[in-house]
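Student: Please take a close look at the salt bridges and at the parts of the chain that they join. I would like a connected account, with the cut-offs behind each term.

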Amino acid sequence: MKVLCTLLFVLSTSILLLAQPGGKDGRSMPKIAKITGTVYDSVSRKPLEFATVSVFRIRDSVLVGGVITDEKGKFEIDKLPIGRHRVTINYMGYETYTIEPVALPPNEPIASLGKIYVSPTAATLEIAEVTADKAVFQLGLDKKVFNVDKTNLGDSENATEILRNTPTVEVDFDGAVKIRGSEVQVYINGKPTGLTGDSQAEILDQLPANSVKKIELITSPSAKYDPEGGSGIINIVLKKNVLEGFTGSANVSVGTSTWNPFKRYRGGLSLNFRNNKINIFSNFSYNYGENLSRGYNYRRTTAPQDTSFLEQYTNGTRIRNGGMARIGMDYYFDDYNTLTVAARLRPSGGGNNNRIQYDFFDANQDKTQINERLSDGDRNRFSMTYNLIYAKVFKQKKDKSGAGPRRDNSKDSGGGRRHWRGHGDGRASGRSGTMGDKQELVIDLQYSMNDNASYETFSEQLYTPDWSEINNTPDSQQTASYNKMHQGTVMIDYTHPLGKEMKFEAGYKGNIRWIGNDFKSETFDYTQMQMINDTGRTNNFQYQEQVHALYVTFAHKIGKFNYKLGLRGEYTLANSRLVFPTDSTFVNNYPSIFPTVNLSYALAKNQQIQLGFSRRIQRPSSWALNPFPSYSDPLNLRYGNPYLLPQYTNAVELSYVNYWKGGNTIMLTAFYKYNTDLMERLRTLRSDGVSVVTQYNFSTSHMWGGEVVTRFAPYKWFNFGITGSVYQNIQNGTNIDAAYTLNAIAGNVNAYMNFVFKFGMRISAYAWYSIPTRVAQGWTGGYTWNSFSISQKVLKDKGTVTLSVQNPILGGRYQFETADGNTFYQVGKREWESPVFELRFSYRFGKVNVRDGRSKNAGRLNSGGDGGSEGGSGGGID
């Protein structure tokens with residue numbers, strides 16, 4: 001990439017220089033001068049690679065030369081005309097640095113600027129780098145950051161795989177994302193996905209890994225953040241182009257497994273263009289996959305008159321066939337006003353094919369009957385999200401102190417008086433609706449729509465124990481489910497710095513959501529020889545929700561001590577209605593208050609402690625409220641509970657981090673959570689032998705534990721780390737039944753290692769394990785997820801070939817046990833196809849140009865970022 005950037009830079013700069021007019025009276029000044037220097041980060045003292053150094057003639061501000069710094073931060077610009085010049089240094093997330101005048105007289109045409117220290121912007125400084133050289137981990141006042149672009153995870157399959165490799169994050173086999181055993185809200189570029197459950201999992205599966213810049217873990221969020229989610233927020237920040245010009249990347253992959261050979265394909269394309277007025281970004285992806293699974297259940301039912309047994313075997317194929325397009329544009333009216341228009345479109349299809357075999361046994365465990373249930377389903381889905389964001393940075397009075405970035409003046413050379421000053425970058429950060437360190441107003445409008453239609457056919461045949469048909473009239477059923485969701489969101493955020501050490505924030509968020517679920521069922525009538533409406537299974541459910549919120553925060557830095565106080569008030573209006581068959585309505589309107597406290601103290605060099613308190617809420621999903629059951633498995637039904645209340649969480653978190661030379665890191669966290677109205681699934685058995693799963697509110701629960709995150713780099717070519725957490729979970733569900741109490745230990749551990757070689761090869765291994773633990777009605781067994789990959793740079797480092805394998809060692813399976821007193825006992829296991837092999841190829845292309853450093857905005861394209869062609873964030877949460 002370094003060679004590519006340098007070649008493109010020299011080419012574009014040469015064209016610009018050839019187009020410049022000559023010297024005074026048309027005479028060109030001799031081009032014999034040269035400027036050299038080295039650019040460093042003023043905080044970490046490390047060299048900055050890919051910083052843009054531009055040279056302008058002072059008398060007419062014509063660009064006369066420029067270059068991009070190398071991996072050691074050094075630059076050398078030769079063939080410059082003699083005379084007086086201005087040198088500007090631009091780098092993403094840093095103050096623009098200007099040096100003038102730089103005199104290059106004929107008798108001394110060489111100027112060495114020595115060591116130049118550029119300062120990060122105040123917004124960048126809010127996050128302390130936790131690994132000085134690689135910046136893999138970052139610790140902010142109210143969040144932790146995992147920089148994906150500083151690892152080789154960009155060569156992974158998708159965003160789901162990145163989350164599986166992210167410290168403290170758990171992703172189960174169904175794609176549910178959790179932290180410390182509780183589900184979290186997953187955002188993309190600081191915005192809710194607008195979807196939950198399977199839809200969210202599919203978005204993560206379709207999101208290309210090489211489009212992800214970083215993962216923000218917000219486990220102790222301030223009042224500015226949405227309080228939804230029992231364990232906080234995970235924000236996936238996508239890449240956007242940060243250099244002027246055209247850049248892009250393409251990738252393609254094919255996957256196979258021993259269960260189902262060569263039934264996985266995906267591809268992606270990213271195109272970006274930027275100049276001084278617009279920034280266009282886009283990403284397109286396509287994914288086709290057939291995912292196989294199988295399961296086994298054993299159930300014992302003890303009744304006063306009889307005891308029976310059931311064995312159930314399940315084989316399923318889940319087909320995903322769809323694409324996703326993310327398109328957007330930033331328009332810069334001027335240095336202080338930016339408008340962003342963005343859209344995400346996702347058309348998809350697919351379906352589910354399943355075979356369930358029920359073996360029935362009597363009290364003597366003799367087989368009495370076999371039922372075989374076959375299902376074949378198709379699904380069509382279309383979702384879209386639109387964003388319109390306006391951001392305004394208010395003009396600030398110039399700093400009269402004259403203070404600028406640090407600089408080593410010991411090696412100044414070249415005649416003439418010098419003035420060293422660093423210009424701020426005032427451009428509004430409207431791309432993502434994030435807030436920086438300036439007085440800023442952001443208005444963010446979002447609309448999301450999801451339209452799903454699924455169709456399934458079922459047939460069930462009864463057999464004798466020797467597989468003879470009991471009758472020739474198998475049950476036959478057809479279902480159609482139409483699910484729609486409309487959601488509108490308005491966010492207004494205002495930031496006002498109070499001097500250099502204090503900041504006030506205030507804002508409003510309004511969210512309105514409507515969800516409709518229309519389910520129709522038909523059963524074949526052999527007397528009429530046609531399908532007839534099954535009114536006992538047909539239903540129509542609607543859910544409406546409004547949440548209005550106001551928040552304020554105040555942050556203050558006193559030497560090494562930082563604190564941030566916040567208060568958020570919300571009012572929720574929830575209305576769920578079972579339109580058919582009963583036309584019953586359930587209303588739940590309630591206010592909520594969410595105080596937050598975040599404290600941080602720098603103990604010594606490279607050491608820091610943090611303490612955070614936050615109150616959160618987890619609202620029931622629409623399917624958890626729908627009282628009508630799902631009949632896909634008629635012996636194991638799922639109901640919603642319309643009386644389910646929201647769960648509140650009060651959480652305290654204490655963290656300590658220490659990082660030292662070489663990228664070595666250790667982060668220790670202790671946490672405590674107190675939940676009221678805990679939402680918990682319970683399984684009961686009806687008198688007809690059908691098991692029913694629904695959710696109830698337990699009175700309270702307590703959880704406390706510890707977490708460790710480590711990264712060690714004993715050599716430049718090798719690094720490894722271990723992350724783990726263990727916690728005690730105490731639940732009190734005696735308000736439902738005296739038997740529903742729990743005191744259990746749970747936890748997980750993961751380990752990784754990376755080998756990075758100079759010739760462009762990377763080798764990575766990863767393993768994750770969740771320990772067995774008790775739950776309210778039994779236990780879940782331990783399960784593991786592991787992967788191995790090897791990648792090689794090709795085509796002058798513009799391409800990458802990666803071979804990976806998922807779950808080569810006993811992965812993709814787990815066991816469970818459920819009991820309800822002495823009447824019901826069930827044990828089972830599930831397994832997903834493994835190992836899965838994938839071969840991927842990615843290629844980067846494009847042309848970048850040097851920017852005119854005179855713009856106040858030259859250094860601020862996004863909130864944070866780096867100088868690479870794919871750096872910069874699409875929207876962090878500040």
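## Salt bridges and their surroundings

Tutor: The side chains of E505 and K224 meet in a salt bridge at 3.5 Å from N to O, the term standing for a side-chain nitrogen of Lys or Arg within 4 Å of a carboxyl oxygen of Asp or Glu. E505 belongs to strand 27 (residues 502-525) and K224 to the loop between strand 16 (212-218) and strand 17 (233-238), so the pair ties together parts that are 281 residues apart in sequence. Strands (E, at least two residues) and helices (H or I, at least four) are DSSP runs, numbered from the N terminus.

Before going further, note that this is a predicted model, in which local features need pLDDT of at least 70 and side-chain atom pairs count only at pLDDT 80 or more, while totals for chains, interfaces and linings use all residues. Residues are numbered from 1 along each chain as its sequence is written, and side-chain values use heavy atoms, with hydrogens and water left out.

Both partners are buried, a class that means under 20% relative accessible area, with exposed over 50% and partly exposed in between (1.4 Å probe, protein chains only): E505 has a relative accessible area of 1%, and that of K224 is 14%. Side chains of opposite charge can pair when their charged atoms come close.

A second pair is formed by R619 and E570, whose side chains meet in a salt bridge at 2.7 Å, N to O. R619 sits in the loop between strand 32 (607-618) and helix 5 (622-625), whereas E570 is in strand 30, so this contact ties together parts that are 49 residues apart in sequence. Here too the partners are buried, R619 with a relative accessible area of 10% and E570 with 5%. Elsewhere, K144, R180, E653 and E707 are joined into one network by salt bridges that share partners. Another pair to inspect is E216 with K214, where the closest N and O atoms are 3.8 Å apart, and both of these residues are buried as well. Over the whole structure, a search finds 29 salt bridges.

Strand 30, which holds E570, also leads to some backbone details. In the loop between strand 30 (561-580) and strand 31 (584-604) lies P581, and the peptide bond that joins F580 and P581 is cis, with omega about 20°. That loop between strand 30 and strand 31 also contains D583, which is not a glycine and yet has a positive phi of about 50°. D583 counts as partly exposed because its relative accessible area is 46%.

Two further aspartates can be set beside D583. D677, in strand 35 (residues 664-685), has a positive phi near 55° in a residue other than glycine, and its relative accessible area of 26% makes D677 partly exposed. D493, in strand 26 (residues 475-498), is buried, at 10% relative accessibility; D493 and Y508 are 15 residues apart in sequence, and their C-alpha atoms are 6.7 Å apart in space. One more cis peptide bond runs from S834 to P835, with omega near -5°, and P835 is placed in the loop between strand 45 (824-832) and strand 46 (836-849).
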